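Student: I am new to this structure. Please take me through one part of it closely, the nonpolar core and what packs around it, and then go on to the rest.

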Amino acid sequence: MMLPNHSPLVIAEQFGTLASLYPDRIDLGLGRAPGTDPLTTGALRRDIIGSVDTFPRDVQELLYYFSPVSPGQKIRAVPGAGLNVPIWLLGSSLYSAQLAARLGLPFAFASHFAPAQLKSAVSLYREEFHPSRYLELPYVMCGLNVIAAETDADARRNFTSLQQSFINLRRGMPGQVPPPIDDIDAFCAPAERVGADYALSCAAIGSPDTVRRGLASFIEDIQPDELMITANLYSHTARLRSFEIVAQIRG
């Protein structure tokens, strides 16, 4: 959930409902960015345009709504109060890493599309972590693009869908995931290719053996506690097969 777009009370009741329907199966990730344009942000939460950054206060307010109800408490989440809904802070910079450390919450880094500050953010979070009633030790999740197929060539071709999507987004032309193409260099200018390659550099793409080596290298380098694997592919069949291969590798 992009927290700036919604009130903490509404989120608490929405996720309280989910947690009541599916106990111990719901996590809540909180992002600081609006994730959309200013007009849409204003439509989602009308008083947010031009306001100061209230993310730390809103996170603490949300944690309060999930706590057991105190005597005389006038505002409560129904359902939500007293439920065990794990809250993660999501980020692609040092800001949320530092806040997650200070509040003693788990931290997830968006390395699958914004790798620039991955190592700095993870190090900062682990160094500054304060134990809390939510978490005794720091716990880090990292996003990773994993495109697995029977051969390296097939996986690389499937990956062109994600490359096109990213380049289109940078061109101001977001849309549905396009089908794969044979030559990504014919689709974009060299500078666009360089930018996409860097943004999507946290990735393991190829045959099962290639992906196995890529996963092992990333895990050894970053030492994450958990990985969030993404495969943003045009073909649903190819996406399922990619996840199947990863499950076999890590199973």
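Tutor: Start with the largest nonpolar core, which has 46 residues. Keep in mind that this is a predicted model. Within the core, the residues that touch the most other members are Leu-28, Leu-30, Val-59 and Tyr-125. Helix H3 gives the most to this core, with six residues. In soluble globular proteins, nonpolar side chains tend to be buried together.

Take Leu-30 as a sample. Set aside its neighbours within four places in sequence. Leu-30 is then in contact with Met-1 and Leu-3. It also meets Phe-55, Val-59 and Leu-62. Ile-87, Trp-88, Leu-89 and Leu-90 complete its list of contacts. Apart from this core lies another one, of 15 residues. Its members include Ile-147, Cys-188, Ile-205 and Leu-233.

Now look at H3 itself, which covers residues 55–66. One partner is helix H4, residues 94–103. The two axes come within 11 Å and cross at roughly 40°. That angle makes H3 oblique to H4. The crossing of H3 and H4 is right-handed. On the H3 side, the residues that meet H4 are Phe-55, Pro-56, Val-59 and Gln-60. On the H4 side they are Tyr-95, Ser-96, Leu-99, Arg-102 and Leu-103. By class, this contact of H3 with H4 has six nonpolar residues, two polar and one charged. Val-59 appears here, and Val-59 is also among the core residues that touch the most other members.

Helix H1, residues 8–21, also packs on H3. Their axes are 9 Å apart, and the angle is about 40°. H1 and H3 are therefore oblique to each other. Their crossing is right-handed. From H1, the contact takes Pro-8, Leu-9, Ile-11, Ala-12, Phe-15 and Gly-16. From H3, it takes Asp-58, Glu-61, Leu-62, Tyr-65 and Phe-66. These residues divide into eight nonpolar, one polar and two charged. Leu-62 of H3 is part of this contact with H1, and Leu-62 also touches Leu-30.

Follow the chain out of H3. Ser-67 lies in the loop between H3 and strand S2, residues 87–91. Is Ser-67 buried or exposed? Its relative accessible area is 14%, so Ser-67 is buried. Not counting residues up to four places away in sequence, Ser-67 touches Ala-81, Gly-82 and Arg-133.

Move on to helices H6 and H7. H6 spans residues 152–170, and H7 spans residues 190–199. Their axes come within 10 Å and cross at roughly 115°. H6 and H7 are therefore roughly perpendicular to each other. This crossing is right-handed. H6 supplies Gln-163, Phe-166 and Ile-167 to the contact. H7 supplies Glu-192, Arg-193, Gly-195, Ala-196, Asp-197 and Ala-199. By class, the contact of H6 with H7 has four nonpolar, two polar and three charged residues.

The loop between H6 and H7 holds Pro-180. Leave out residues up to four places away in sequence. Pro-180 then touches Arg-157, Asn-158, Thr-160, Ser-161, Gln-164 and Tyr-234. Compare its position with that of Pro-4. The two are 176 residues apart along the chain, and their C-alpha atoms are separated by 35 Å.

Finish with a pair of loop residues, Ala-149 and Ser-207. Ala-149 is in the loop between strand S4, residues 140–148, and H6. Ser-207 is in the loop between strand S5, residues 203–206, and helix H8, residues 208–222. Along the chain they are 58 residues apart, yet their C-alpha atoms are separated by 5.2 Å. Ala-149 is buried, with a relative accessible area of 8%. Ser-207 also counts as buried, at 12% relative accessibility.

What does each of the pair touch, leaving aside neighbours within four places in sequence? Ser-207 is in contact with Ala-149, Glu-150, Thr-151 and Asp-152. Ala-149 is in contact with Asp-154, Ala-155 and Asn-158. Gly-206, Ser-207, Pro-208 and Ile-245 are further contacts of Ala-149. Asn-158 also turns up among the contacts of Pro-180.

Conventions
Residues numbered from 1 in each chain as written. Predicted model: local features only at pLDDT ≥ 70, side-chain atom pairs only at ≥ 80, totals over all residues. Heavy atoms only, no water. Axes fitted to C-alpha atoms, helices over the stretch in contact; angles between N-to-C directions. Helix = DSSP H or I, 4+ residues; strand = E, 2+ residues; numbered from the N terminus. Parallel < 35°, antiparallel > 145°, perpendicular 65-115°, else oblique. Left-handed = near helix turned anticlockwise from the far one by under 90°. Contact = heavy atoms within 4.5 Å. Nonpolar A, V, L, I, M, F, W, Y, C, P; charged D, E, K, R; others polar. Core = buried A, V, L, I, M, F, W, Y, C linked by side-chain atoms within 4.5 Å. Buried < 20%, exposed > 50% of the residue type's maximum accessible area, 1.4 Å probe, protein only.
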